[in-house]
Amino acid sequence: MAKITYIEHNGTRHEVDVANGLTVMEGARDNNIPGIEADCGGACACSTCHVYVDPAWVEKLPAKDPMEEDMLDFAYQPDPTRSRLTCQLKVTDELDGLVVQMPEKQI
Amino acid sequence: MGQIIVVGAGQAGASLVAKLRAQGCEDAITLIGEEPVPPYQRPPLSKAYLLGEMARERLYLRPESFYAEQGIALRTGTGVAAIDPEARHVTLTTGEVLPFDQLALTTGSSPIRLPAAIGGDLGGVYTVRGLADVDAMTGEFSEGRRVLIVGGGYIGLEAAAVAAKKGLQVTLVEMAPRILQRVAAPETADFFRTLHRSHGVDLREGVGLDRLTGEGRVAAAELSDGSRLEVDFVIVGIGIRPNTALAEAAGLAIENGIRTDAQGRTSAADIWAAGDCASFPYRGGRIRLESVPNAIDQAEVVAANMLGAGQAYEATPWFWSDQYDVKLQITGLNAGYDRVIRRPGAKEGTGSHWYYAGEQLLSVDAMSDPRAYMVAKKVLDAGGSIPAEAAADPDADLKIYMRR
């Protein structure tokens, strides 16, 4: 279980508990948090679950695989260090306290 | 307060009701689905879920509690018997009558089944469409068993990939001269043929199925080339048909699906349609798309229009498929292409195929090459093109063709 804070582009904060084994994307979906679309349902096929990870968390997350890296490169206003696809981030206890920010729009 | 009824609780129905509430709709909303479970994602059914890598709850598009929280009456396991567009009500199979002010049809599509006359109703013969289909067949997927897959489209190929990964003996037959005949160029078919054969799939093209035989349960298949194959079970992936029967019986216009205008209105007042079941105007013609992105995007536009937005739906078609370690991403529609350009990917076993009509780029199939897919998608969605010479040159920077 991890407490994750999702911040919408307009600044609205959502702090929710997400179970281990789900993805950060599924945590947003299951809590009806707007700003993460995830059209492909988590297949790393659409790049519509893009977020900016809080700078303090960048180094603590598992590295991006090449597929995620390439998809992110074409997301809306990607940040080379902070951008991640939330469907590729598996929730574990280590992610407790994670803070992510949604972009102005997805692709 | 008005009454909105949405018939069909798949991807389109779920997206539609969520969008209605997200846009502030305060009407009573009822979402009716035949299946006994809340709306779920279908793509993993022939991929991760079939492989056993994804729990059932993770398929749900929203947690079950979402619908009650949003004041949406979700009626699962519920069939609709008839729609009366004049009286503005639907009649359930139980006889219950539900009045509506606005109705949306998101009835989806159904797999084409093999006729009973050729053994289609034998035990051990499956289609891949719903959760119940896949739950029924997972017990068959044990190592060494012999599966025949009928149909070399994406569903058949994805099922073949799962079966091969699980160590089954896989034979796939496609009656057309090649796999993916209807949906992709020979170059893309070649790529996937090689991929499947390298994983041990016995892939036979230009070979149809004459009949399945067995006592109650399938035991063998007779093929059009005269050969006979002993099998343990069969998966049929020979296409889907839009579920239009309810609409047709209600007198709505049907044209390769429930006919809608650009905003998603059917021929009957205050009745809308979206997703696999709907055909809509597209670039001077009319199309129907069988895909999740279309179901989502069209349903969201229809939801907005039910609330008076008056938006035309501009489809930006895209698709994906997972087979073994290859991710196929497709952007655009290739209908009418006259040539295909190959663009090698950065790594062995990756690359993309670019479909052109004259100088206009129509579509791209990208095999584990997300950069090619994404750049083409951005350009096509913006109505642009990329010169074929640039597409063919792996060193050419294609990003310059994107409008920012």
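**A tour of two domains in chain B**

Start by selecting B:Arg56 and B:Asp135 in this predicted model: their side chains join in a salt bridge, with 2.3 Å from N to O. The link is one you can show as a dashed line in your viewer.

Now widen the view and colour chain B by domain. The domain assignment places residues 3-110 + 240-306 in domain 1, residues 113-236 in domain 2 and residues 325-403 in domain 3. Keep domain 1 and domain 2 of chain B on screen for the rest of the tour. Their centres, taken over C-alpha atoms, lie 30 Å apart.

Next, select the residues where these two domains of chain B touch. You should find 16 residues of domain 1 in contact with 16 residues of domain 2. Together the two domains bury about 1400 Å², and 62% of that area is on carbon and sulfur atoms. Which three residues supply 44% of the area that domain 1 of chain B buries against domain 2? Select B:Ser46, B:Leu50 and B:Leu51: no other three residues supply more.

Then turn to the polar links. Between domain 1 and domain 2 of chain B there are three salt bridges, and nine residue pairs are in polar contact, both residues at pLDDT 80 or more.

For the last stop, show helix α2 of chain B, residues 48-51. This helix gives three residues to the side of domain 1 that touches domain 2, the largest share. Colour that side of domain 1 by residue type, and you will see eight nonpolar, two polar and six charged residues.

Terms used
Residues numbered from 1 in each chain as written. Chains lettered and ligands numbered in written order. Predicted model: local features only at pLDDT ≥ 70, side-chain atom pairs only at ≥ 80, totals over all residues. Heavy atoms only, no water. Domains from an automatic or database assignment. Contact = heavy atoms within 4.5 Å. Buried area = accessible area lost by both parts, 1.4 Å probe. Salt bridge = Lys/Arg side-chain N within 4 Å of Asp/Glu carboxyl O. Polar contact = N/O pair within 3.5 Å; in protein donor to acceptor, adjacent residues only side chain to side chain. Helix = DSSP H or I, 4+ residues; strand = E, 2+ residues; numbered from the N terminus. Nonpolar A, V, L, I, M, F, W, Y, C, P; charged D, E, K, R; others polar.
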